[in-house]
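Here are my notes for you on this one. Keep the 3D view open while you read, and turn it around as we go.

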Amino acid sequence: MMNRSFFRAAVLAALLPSALPCVAFAQTAPVQLRPADQSWVSRIEDTLGKVTTLQARFRQTAADGSVTAGTATLDRPGRMRFDYDKPSPLLLVANDGRVVFQDRSVDQVTTLPLDRTPLGLLLRPEFKLSGDVTVTGFEHRDGQIRIQLVRTQNAGEGSLTLVFSDAPLALEGWSVVDAQGRTTTIALSDVHLGGTVPQSLFVLPKAD
């Protein structure tokens, strides 16, 4: 069975990497985008900017190769919920400018400002890949687009790589390299866009 403390660390690495100690990263300079690449970046900004709600299954692969799964719900701007399948006791909810990670087995919660996490980028009212976000890598091949990002002023927090299909253009998941160089990947499937979701899903958990 996967060590529970390592499992919590894997979740934090995938969703809240700035909670971990910072180190320097080699790739922090902006990538030189060709006109065709820049066109894709603009299309991605426009596509994600139009997403209001998203519901999907997710599959998380940790740095040690262990795999967990669950259900993700987004309600932009500002709200998200990650429910891990049982028997996992883990839950993550973003709302009110905060991200709360709960381990219900030990009644432990971790709270961070939303704008200090990758979730903050995905849940912004206006999705932009410029300014306080720097594109440090771009790859388009075999029907898939990968865009590597860092926070312009805090590149040492880690990097986030968003993964898209190109036809149709759609978010397939992301990977995070944490401050210790470990990679954790989130893959989305069975994605449903639009519609309404119950706001009760986004009540922030509290320790009892």
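The points below go from the whole chain down to single residues.

1. First, a caution: what you are looking at is a predicted model. The protein chain has three helices and 11 strands. Going from the N terminus, the elements run α-α-β-β-β-β-β-β-α-β-β-β-β-β. Of its 208 residues, 48% count as buried. Take contacts between residues at least 6 apart in sequence: 53% of them join residues at least 24 apart.

2. Now find the sheet. It is an open one, built from 11 strands in the order E6-E5-E4-E3-E2-E1-E11-E10-E9-E8-E7, with antiparallel pairing. At its edges sit E6 and E7, each of which pairs on one side only. From one strand to the next, the twist averages 20°. As a reminder, strands of a sheet pair through backbone hydrogen bonds, either parallel or antiparallel.

3. Start at the E6 edge. Strand E5 (residues 98-103) pairs with strand E6 (residues 108-113) over six bridges, in the antiparallel sense. The two form a hairpin with four residues between them, and Asp107 in the turn has a positive phi of about 55°. Asp103 has Gln108 in E6 as its bridge partner. Is Gln108 buried, exposed or partly exposed? Its relative accessible area is 36%, so Gln108 is partly exposed. The C-alpha atoms of Gln108 and Leu90 are 9.8 Å apart, with 18 residues separating the two along the chain.

4. Next, helix H2 (residues 35-49). With 15 residues at 1.5 Å a residue, H2 should span 21 Å, and its end C-alpha atoms are indeed 21 Å apart. Its buried residues are Asp37, Trp40, Val41, Ile44, Glu45 and Leu48. Because they cover an arc of only 140° around the axis, they lie on the same side of H2. The spacing makes sense: an α-helix has 3.6 residues a turn, so residues three or four places apart point the same way.

5. What covers that buried side? Part of the answer is helix H3 (118-122), together with strands E7 (133-141), E8 (144-151), E9 (159-166) and E10 (169-177). H2 lies across E7, E8, E9 and E10, and runs at about 100° to E10. On E10, look also at its antiparallel pairing with strand E11 (residues 183-193), over five bridges. There, Trp174 has Ile186 of E11 as its bridge partner.

6. Trp174 turns up again in the largest nonpolar core, which has 40 residues. Ile44, Leu129, Ile147, Leu149 and Trp174 touch the most other members of this core. A second core, of six residues, lies apart from it and includes Val93, Val100, Val197 and Leu204. In soluble globular proteins, nonpolar side chains tend to be buried together. Leu129 is worth a closer look: beyond its neighbours within four places in sequence, Leu129 is in contact with Val41, Ile44, Glu45, Val135, Ile147 and Leu149.

7. Last, try Thr73 in strand E2 (residues 67-75). Is Thr73 buried or exposed? With a relative accessible area of 6%, Thr73 is buried, since the cut-off for buried is under 20%. Not counting residues up to four places away in sequence, Thr73 touches Leu54, Gln55, Arg79, Met80, Arg81, Val197, Leu201 and Phe202. Val197 is also a member of the six-residue core from the previous point.

Notes:
Residues are numbered from 1 along each chain as its sequence is written. This is a predicted model: local features need pLDDT of at least 70, side-chain atom pairs count only at pLDDT 80 or more; totals for chains, interfaces and linings use all residues. Side-chain values use heavy atoms; hydrogens and water are left out. Two strands pair if DSSP finds at least two bridges between them. The expected span of a helix is 1.5 Å times one less than its number of residues. Buried means under 20% relative accessible area, exposed over 50%, partly exposed in between (1.4 Å probe, protein chains only). The arc is that of the directions from the helix axis to the C-beta atoms. Contact means heavy atoms within 4.5 Å. A nonpolar core is a set of buried Ala, Val, Leu, Ile, Met, Phe, Trp, Tyr and Cys residues joined through side-chain atoms within 4.5 Å. Axes are lines fitted to C-alpha atoms, for helices over the stretch in contact, and angles run from 0 to 180 degrees between N-to-C directions.
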